[in-house]
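Colleague: I am new to this structure and would like a close look at a single part of it. Please pick one helix and go through its surroundings and its charged contacts.

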Amino acid sequence: MNLSVGIVGLPNVGKSTLFNALLQKQAALVADYPFTTVKSNEGIIPVPDADIEAVAKIVGVKQFKPATITFIDIAGLVKGAHQGEGLGNQFLGYIRETKVLCFVIRFFKDKTVSHVLDQINPQQELAILEQELILADLATLGKQKALKPNASKQERASWSLVEKLKKELNQGKAIRDLVLSPEEKDLLKPLNLITVKPVIFLANLSENQLKQSRELLKDFPKQPVVPISAKLEMELIDLSRSEQKELLKSVGLAQSALESLIQTAYQTLNLISFYTIKNKDVRTWTLRRGENAFRASALIHTDMMKNFIKAEVVSTKDFLKHQGWQNCLTQGIIRTEGKDYTVQDQDIIEFKINS
C-alpha cells in the first residue's frame, strides 16, 4: 500500500521546515515570505522500524527493504484558495492525491517570520483550512450533472448522496465527520472529494512551548493533536541517536516528529505491517488491519494470490526470541494458516503457492 501524507497549512507556519526535517535534507526552500513552495515537493522515506533491522541481522543481511511513506509539501493555502486565490486550485489537486492530510497549525511566535493573519491564531488557521477544503468540495459537487428523468437506480442514489453532502458541507461539516452507509461510501469514491480524507493535526510549537504542550493544546478543538517543533526537528538532523534522545527528553518528548507522525498516520488509516523473508530478502509490507492472508499475498504479486495454497506464520517476537525461522520450526511455533487468516501486526509470513 502506498502511504502518502499531504502537509497542508497556511504560508509560513513551518510546513517546509517540517518537510525538510522529515527528509533530513534541504529538499524544499525555506524562506520568510508566502508561497516559498511554488510547486509540490515530494519525498519518499523509509519508515523507522527497529524490528526489521533485528530480523535482518538474524537472517544475516545488511540490506533490507522497510516500508516507505511519501510526504508531499503542499504550498500554503490562503483564504479564497478554492477560487484561485494565492496559488489556488493547482495545490488542491495535489491534496487529492494523498491518503491522509497533515494540518500544520502555527503556535510558535517569531517576529522574524511573518504571518498572513498578522497574528498567531491557531483556531482561525484551522477554520480557514477546513473552510477552503469544504468550499473546494462544494465546487466539485456543483459540477455534477443534474438527474435525468430516465436515470437508473444507481444514478438516483448517487444524486441523492450529492444533495445530502451539499447540505452537510454548507453547514460547515467535513465529509470525514459524517456517518455514511457502506453503499454511500462506495458511491462517494468516484467523486474524489477532499474532506473525506482523514486528517492529522500538528501543532508547531517553539521549544519552550513543547514543555507546556499538554496545557497549551487541551482546549484545541481537534483531538488528538500532535505537538511538534519543526525547528527542533531540524536541529536533530546532525545529532547521533543518543544525542537526539537526550534533546527530545529535555523538552518532554519520547520520540521525534517523524516517528510520531508515522505512528499516528498508521493509526489513523488503521494500518499494520508484516514481513517476508525469501532468499535473504527481508521486506516490510503495509496492510489494512483486519485483512486476510489472501489479500496480503496480493501485495507481493497477483500471481501469488491466484496460486495461493497456504501461509506459514510466526510472530516477530517469537522469531527474535528463537533466533530465526529454522529454530522456530524446530520449536513447533510456526503456524500453517489458510486464506481467511487475519494477518496480525508484525507477523512474518512465508506464502506457499502452486508453481
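**Helix H5 and its salt bridges**

Modeller: This is a predicted model. The part I have chosen is helix H5, residues 153-170. H5 has 18 residues and reaches 26 Å from its first C-alpha to its last, close to the 26 Å expected at 1.5 Å a residue.

Begin with the side that is covered. The buried residues of H5 are Leu161, Val162, Leu165, Glu168 and Leu169. Seen down the axis of H5, these buried residues fall within an arc of 135 degrees, so they line one face of the helix. The spacing fits a general rule: an α-helix has 3.6 residues a turn, so residues three or four places apart point the same way. Helix H4 (122-142) and H6 are among what covers the buried residues of H5. On the other side of H5, the exposed residues are Lys153, Lys167 and Asn170. Just after the helix comes Gly172, with a positive phi of about 85 degrees.

Now the charged contacts. Lys164 forms a salt bridge with Glu184, and their closest N and O atoms are 3.1 Å apart. Lys164 lies in H5 and Glu184 in helix H6 (residues 182-188), so the pair ties together parts that are 20 residues apart in sequence. Which of the two classes, buried or exposed, does Glu184 fall in? Glu184 is buried, at 18% relative accessible area, while Lys164 has 29% relative accessibility and counts as partly exposed.

The loop between H5 and H6 has a charged contact of its own. Asp177 forms a salt bridge with Lys222, the closest N and O atoms being 4.0 Å apart. This pair links distant parts of the chain, 45 residues apart: Asp177 is in the loop between H5 and H6, and Lys222 in the loop between helix H8 (213-217) and strand S6 (225-228). Lys222 counts as partly exposed, with 22% relative accessibility. Both residues belong to a network of salt bridges that also links Glu130 and Arg176.

For the wider setting, a search of the whole structure finds 14 salt bridges. One of the others joins the side chains of Lys310 and Glu312, at 3.9 Å from N to O. In that pair Lys310 is partly exposed, with a relative accessible area of 29%, and Glu312 counts as buried at 16% relative accessibility.

Technical notes: Residues are numbered from 1 along each chain as its sequence is written. This is a predicted model: local features need pLDDT of at least 70, side-chain atom pairs count only at pLDDT 80 or more; totals for chains, interfaces and linings use all residues. Side-chain values use heavy atoms; hydrogens and water are left out. Helices (H or I, at least four residues) and strands (E, at least two) are DSSP runs, numbered from the N terminus. Buried means under 20% relative accessible area, exposed over 50%, partly exposed in between (1.4 Å probe, protein chains only). The expected span of a helix is 1.5 Å times one less than its number of residues. The arc is that of the directions from the helix axis to the C-beta atoms. Contact means heavy atoms within 4.5 Å.
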